Structure formats: structure tokens, C-alpha cells
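Me: Could you walk me through this fold with a few questions and answers? I'd like to start with the charged pairs and finish with the strands.

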Amino acid sequence: MFDTVRADLRSTLDGIRDAGLHKPERVIGSPQSATVTVTTGGRPGEVLNFCANNYLGLADHPEVVAAAHEALDRWGYGMASVRFICGTQEVHKELEQRLSAFLGQEDTILYSSCFDANGGVFETLLEAEDAVISDALNHASIIDGIRLSKARRFRYANRDMADLEAKLKEAADGGARRMLVVTDGVFSMDGHVAPLAEICDVAERFGAMVMVDDSHAVGFVGPGGRGTPELHGVMDRVDILTGTLGKALGGASGGYVAARAEIVALLRQRSRPYLFSNTLAPVIAAASLKVLDLLESAGDLRTRLVANTARFRSRMAEEGFDILPGDHPIVPVMIGDAAVAGRLAELLLERGVYAVGFSYPVVPQGQARIRVQLSAAHSTEDVDRAVAAFVAARADLAG
């Protein structure tokens, strides 16, 4: 029976490759850092890493690694259980309390990933008589989470407050009991920041709750690294925050929902990804606590990240590359054609710079790009080498 399916799948895969949309997975043989050792691909060896979410360079920080070693000795490797059975240790509760305090929320619940966190919110809080109003460019995990709920679904144009208001009015006029506005804090493909103050203003006029996925901001955006709500001065106006431990906060895995106490309490009782998935490994929880310690004195890391981002953006603009405006360390270098973006990524790797091409369905058709991500771990020389590699790779493409 599978022979027929096999032929169909191979045809689909061939179509992906022919369209230039194939996404290779390159293998690295070293810790995640500003430089990594690539063991497969066009240029095996040590390369500059400009495609990780390691914004503060903490993925291989010696104090984080030491905390992980200590946690293995104290807490063991894994919990082999879900939280409500026998999968809750003191270290999990401590991390939830620390995250709540750091993010300015009443309570926090841990998940195995932010994808699971977003997957567990909507069907728990919203019923058929409710409405969710989602930004058009929200992360796939939000989109999938919304699909699991029975709530009416509305989508507003990216960061468009007039459209958000129109959709809220439509939901309210339709008799929605609860309304929830949800947005990324930073949109991961563009690096654009959501206008949270305006979103809160509009939502409050309609009595709607506000939810923010701040995965690409927490740890380094805002004066204290508390993310986009801190940046916009609305920490007390956001009802639900989701985020990841797998980016700036050490880069391992794990996610969370930080929210009003009653919301978290209900998630503990009814959120399916929480109730039916194994507990976050204690070693990750313990290492994340060390990351939160480091964030208290990470001002120099945030300053370096800002400087690296500004330098790369200005240098690339001087060289005539089409980059989306902004000041976030996600810097999309717009290419357009998917095959060209893929070839450019290969040429960059040959020149010792690891950056990934993004194409459909990750981004819309015709908007393929190289998404460059800066880190505090990069030196000024690293940034300049990356720009030079882009210039050389572009010349090879043209020649």
C-alpha cells in the first residue's frame, strides 16, 4: 500500500527541490556559539554563526554550563512523568516564581516548548461563544493553537490598529462573550516590533484581553530585558505572556505562560500540552535560573547586542542591500526569489558565514530572504566579516 504513497511523497519532495524551496539541515559538531563547526554542507569547518537565536550569547556561557552540571547531580536527568502525577520538583516551582517576578505577572506555568504553551492557551480559555483576534503575521504556533479552539477567529492586518479595531467591533457586535487579542511581541521573519501600547488601548475600549508571544524579545528588549511590554510601558496591561527558554534565555528548550493567577490556575487543570507532556527536564530549569541571575547584570551584553545590530544594519545599507527597517537583531536581507536566496546562503557558507535562506511557506511567495541574527557574542570583526561575505557572495551570483 505504501508504494503508491511513496511515489506521491517523492513527487512532492522533487517539486520542493525544483522550486528552490528545499531546506537543508546542516550538522554542527560544536557547542552553539558565535562560531560553530559545520560538519556537513558546502564548507565543512569553523564558520561564523549568524543564524541562531542566541541573542545574548548565553548558550555556552560557563556559568550556565556549570549550573547544568550541578543540576544533573542534584536533580537527575529527566522526570519520566507529567507535572500533576509525580513530575514537579522544587526547581520547577522556583523557576515559575522567578519568571513571574521577572516578567511582572502573577503566576507562571512551564511547558516543554513555547509551541506547546501557545497550543495550550486558546482551547482552555475560549469557547464557541468567544472570539480571538490575531495579527496576520503571528507565529505558526499561535495559528495552530487558535485552530484547536472553538472560538470565532478574526485576523487583522499586521500592526494595523484600524483593522484591529474593526475586527474587535465585528466580534463585539456578534455577541462575543470573551475577546482575546493576540500578537507576537517581535515578528520573527521581519524583526518588527508590535505597537503594544496602541494594541492595549484598542483592546481595552472593547473589554478584550491581550496576549503577547515575546519569544524574540524577552531577555534583551526593554531597559531590563523584560521584553516588549517593558519597552512600551504596558507590563501591567498585558494579561497573558508566552515565551521560550530556547532563545535569549540560554537557548535550550522549554516555554512558559506568565499571566493573571486565575488564567494560570485554569491552565494547570485543563491545558492539554501541560497535562499530557513530560515535565521540562530539571537540568534546563536549573540552568534557566542561572540565566535569570545573569540577566540582572547583563546590561553590557544588551549594549553589545545593540551595537552589533546597528553596525550590521548600517554597513549592509551602505553596501546597497535591501534590508527591512528596524533596530531588532533579526535583520532580513530581502532577496525575493527562493532559489537565489538558497544559492546565496550556500555561497555565504563557502565564505565562512552561516546564515539561512527563508522561503515559502515560512515566508510569503516572492519574499525569500536571508535572515541574519546578531548576537552579543559576535565581535566587531565578526560583523564586518559577515558584511564582506555578503558583498563577495553577491558578486559571485552576478558574475
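**Charged pairs**

Reply: E165 forms a salt bridge with R205, and their closest N and O atoms are 3.3 Å apart. Please keep in mind that this is a predicted model.

Me: How far apart in sequence are the parts that the pair of E165 and R205 ties together?

Reply: Happy to place them for you. E165 belongs to helix α7 (residues 161-173) and R205 to helix α8 (residues 196-205), so the parts tied together are separated in sequence by 40 residues.

Me: Is R205 buried or exposed?

Reply: Its partner E165 is partly exposed, at a relative accessible area of 32%. Anything over 50% counts as exposed. R205 has 52% relative accessibility, so R205 is exposed.

Me: Which residue meets R237 in a salt bridge?

Reply: R237 sits in the loop between α9 (228-231) and β8, and its partner lies in helix α8, so the pair ties together parts 33 residues apart in sequence. R237 is partly exposed at 23% relative accessibility, and the partner is partly exposed at 44%. The N to O distance is 2.9 Å, and the partner is E204.

Me: What is the N to O distance in the salt bridge of D396 and R351?

Reply: D396 lies in helix α15 (residues 380-398), while R351 lies in the loop between α14 (338-350) and β11 (353-354), so the pair ties together parts 45 residues apart in sequence. D396 is partly exposed at 41% relative accessibility, and R351 is partly exposed at 28%. In this model the side chains meet with an N to O distance of 1.8 Å.

Me: How many salt bridges does a search of the whole structure find?

Reply: Some of the charged residues are linked in a network of salt bridges: R83, K93, E96, D107 and R268. For the whole structure, the search gives a total of 24.

**The open sheet**

Me: Which strands stand at the edges of the sheet?

Reply: Seven strands form an open sheet with mixed pairing, in the order β3-β9-β8-β7-β6-β4-β5. Two of them have a single partner strand each, so one side of each is left without a neighbour in the sheet. From one strand to the next the twist averages 20°. The edge strands are β3 (107-111) and β5 (152-156).

Me: What angle does the direction of helix α5 make with that of β8?

Reply: Two helices that pack on this sheet are worth a look. Helix α4 (residues 90-103) touches β3, β8 and β9 (255-259), and its direction makes about 125° with that of β3. Helix α5 (residues 114-125) touches β3, β4 (131-135), β6 (179-184), β7, β8 and β9, and its angle with β8 is about 155°.

Me: Which residue in β8 does D213 stand opposite?

Reply: D213 is found in strand β7. Strand β7 (residues 209-213) runs parallel to strand β8 (residues 240-244), joined by three bridges. In β8, the residue opposite D213 is T242.

Me: How far away from D213 is the nearest side chain of opposite charge?

Reply: D213 is buried, and its side chain makes a polar contact with the side chain of N118 at 2.9 Å. Beyond its neighbours within four places in sequence, D213 is in contact with residues including C114, S141, T183 and T242. A salt bridge needs the charged atoms within 4 Å. D213 has none, with K247 as the nearest side chain of opposite charge at 7.4 Å.

**A loop residue and a strand pair**

Me: Which side chain makes a polar contact with the side chain of N53?

Reply: N53 lies in the loop between β2 (45-49) and α2 (62-75). Leaving aside neighbours within four places in sequence, the contacts of N53 are H216, K247, A248, R371 and Q373. The polar contact of its side chain, at 2.5 Å, is with the side chain of Q373.

Me: Which residue in β2 is the bridge partner of V36?

Reply: Side chains alternate along strand β1 (residues 35-38): V36 and V38 point to one face and are buried, whereas T35 and T37 point to the other and are not. β1 pairs with β2 in the antiparallel sense over four bridges. The bridge partner of V36 there is V47.

Conventions: Residues numbered from 1 in each chain as written. Predicted model: local features only at pLDDT ≥ 70, side-chain atom pairs only at ≥ 80, totals over all residues. Heavy atoms only, no water. Pairing = 2+ DSSP bridges. Axes fitted to C-alpha atoms, helices over the stretch in contact; angles between N-to-C directions. Contact = heavy atoms within 4.5 Å. Polar contact = N/O pair within 3.5 Å; in protein donor to acceptor, adjacent residues only side chain to side chain. Buried < 20%, exposed > 50% of the residue type's maximum accessible area, 1.4 Å probe, protein only. Lys, Arg positive; Asp, Glu negative; His and termini not counted.
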